[in-house]
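Welcome! Please take a moment to look over the sequence and the 3D structure, and then we can walk through a few of the features together.

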Amino acid sequence: MKMRPASALFATLLALAVPALARDGQAGAPPPRADAGTPWRVLQGDLTRADYERYTDVSFDLPAGVTRLTIYFSYGGKEQRSVIDLGLRDPERFRGWSGGTRDHMTLSTEDATPGYLPGPLPAGRWNLILGAPNISENAHAPYTAKIFIERAPSVTEFADAPIAAKPGWYRGDLHMHSGESDGKCKAQSGASIPCPVYRTVEAAAARGLDFIALSDHNTAAQFNQLRELQGAFDRMLLVPGREITTFWGHGNVFGPTDFLDFRMTGPNWEQARKWIDAVHREGGVVSINHPGAPSGAICMGCGWRVDGLPDGAVDSVEVVNGGTMRETGSADGRLQGLSYWAKLLNAGRHVTAVGGSDSHEADRPAREAGAVGSPTTVVYMPELSVHGLLAGIRSGRVFVDVDGTRDRLLDLSAVSGKRHAVMGETLHLPRGGSVRFAVDLKGVADGAVQLVIDGAADTAYRAAFGGGRSPTFAPWRADGRPHWISAQVRDAQGRLILIGNPIYVASAGPVSG
């Protein structure tokens, strides 16, 4: 959100030039490794001294409707110093060359491996181009090309493997902009310019973030650059993100990279489902942005005004937005999204609270609200990957660090007899069942933790900490009705600094005798 003054998105293998074979396989999303999944086709052959200093075309016929093409290439004879360079052309044009630099490539409409061109994948005859700069006399270079195709858009990973393969808490920014939409930064001269994607990514790396979603407005132009940059930023996950920007509200989507039709003609579900249903079909996550912001000339379409969203339409809500914090100075002011989120939770929706800087200036000083990484969303993930992030958001084990620190932790757990739950989980309790809530809190010297029950801050469940004191709460008793209970942390000055997600309570019947 950007505040503005009132004045002011293959059928069959054919005609191989050398002996080769093809076999059918199950088409699907490209796997993370050459030895994973079942290829759609496998092309095999052998180059010899007769192919030295020549180019060999290895053909395959791509069917219609392919949305992503991935090819893994390997060859033997290296002990004899054989070398095979690699390139690709489609029925219409040359698509790229990686020589001996890469052993695989992936192409879609929106992104491609560096050295290759993104764009439509036309049906017809494609050719791998094999160059042989060195094959010795009597040497052989047997090769294998494993081809994977995807026929429907799905969640995209720019990295070949998880950035980190272990479960844990990971910190990131889910809402930021580059010069591919309206993000700015300073040129050498000091002039304000559309900010190159790499500058925004560099700013996030400097903040020590584990992941970012670059969510430019309605466009997919940033994705090809993110794929290229991911290799250089191998400690930080780059997530396909987009801010769907409509006249009646803005929503971030995470995971898919194909075009999403944002052109709503009214503030209703029938219009919104055009893009929301598509995101969910493709395995992505939908998050409502800055729902408490004003709409109109001050901030065009910023407030969420779409009526009639069914259960499951949205996965998360941005409860703290860095841009509005610059306007109001607080994380719980009237322009933030806490009240809208609570409204959804009170209606029985299980929706995850997240935050986002909404950064439009990559070089804004880190200490200022709305700088990259301020606020930060902290997600417990099974692994640091796009799929891990989406699973983490859906699980609800997430908290918002308003100041975007590197070391704060907030985790809420609940125990009732043998029953146990953490943030995002549901605790099934009989009427009268007693629950003890515990907070795992780190990185805050002193302040107070407040349990929020169905949106209300009951002072009976407020606990101070600091000076050797840990927050403790009196037992809470279930009344047979559904509830949601979350934790918020304020510092010694009373400022809201950490926002946790709920534990849900559901009835398990009456207390047994």
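## Around Trp169

Leaving aside its neighbours within four places in sequence, which residues is Trp169 in contact with? This is a predicted model, and in it Trp169 touches Asp210, Val378, Val379, Tyr380, Arg397, Val398, Phe399, Leu409, Leu410, Asp411 and Met423.

You can find Trp169 in strand β9, which covers residues 168–176. Is Trp169 buried or partly exposed? Its relative accessibility is 24%, so Trp169 counts as partly exposed. Measuring from C-alpha to C-alpha, Trp169 and Met236 lie 13 Å apart in space, with their positions 67 residues apart in sequence.

## Helix α2 and its surroundings

Next, let's turn to helix α2, made of residues 223–230. Its buried residues are Phe223, Leu226, Arg227, Leu229 and Gln230. What do these buried residues pack against? Their partners are the strands β3 (68–75), β6 (104–108), β12 (211–214) and β13 (237–246), together with helix α1 (197–206).

## Where α1 meets α2

Two packed helices are described by the angle between their axes and the distance between the axes. For α1 and α2, the axes come within 10 Å and cross at roughly 50°. The two helices are therefore oblique to each other, and α1 passes α2 in a right-handed crossing. On the α1 side, the contact is made by Val197, Tyr198 and Val201, and on the α2 side by Gln225, Leu226 and Leu229. Five of the residues in this contact are nonpolar, one is polar and none is charged.

Leu226 and Leu229 are worth finding in the view: both belong to this contact, and both are among the buried residues of α2.

## Two disulfides

How many disulfides does the structure hold? There are two. A disulfide is a covalent bond between the sulfur atoms of two cysteines. With the bonded cysteines numbered in sequence order, the pairing reads 1-2, 3-4.

One disulfide is formed by Cys185 and Cys195, whose sulfur atoms are 2.4 Å apart. The torsion about their S-S bond is about 100°, so this disulfide is right-handed. The pair links distant parts of the chain, ten residues apart: Cys185 sits in strand β10 (residues 184–186), while Cys195 is in the loop between β11 (192–194) and α1. Cys185 and Cys195 are both buried.

Another disulfide joins Cys299 to Cys302, with an S to S distance of 1.9 Å. Here the torsion about the S-S bond is about -70°, so the disulfide is left-handed. Cys299 and Cys302 are both buried.

Definitions and conventions:
Residues numbered from 1 in each chain as written. Predicted model: local features only at pLDDT ≥ 70, side-chain atom pairs only at ≥ 80, totals over all residues. Heavy atoms only, no water. Buried < 20%, exposed > 50% of the residue type's maximum accessible area, 1.4 Å probe, protein only. Helix = DSSP H or I, 4+ residues; strand = E, 2+ residues; numbered from the N terminus. Contact = heavy atoms within 4.5 Å. Axes fitted to C-alpha atoms, helices over the stretch in contact; angles between N-to-C directions. Parallel < 35°, antiparallel > 145°, perpendicular 65-115°, else oblique. Left-handed = near helix turned anticlockwise from the far one by under 90°. Nonpolar A, V, L, I, M, F, W, Y, C, P; charged D, E, K, R; others polar. Disulfide = S-S within 2.5 Å.
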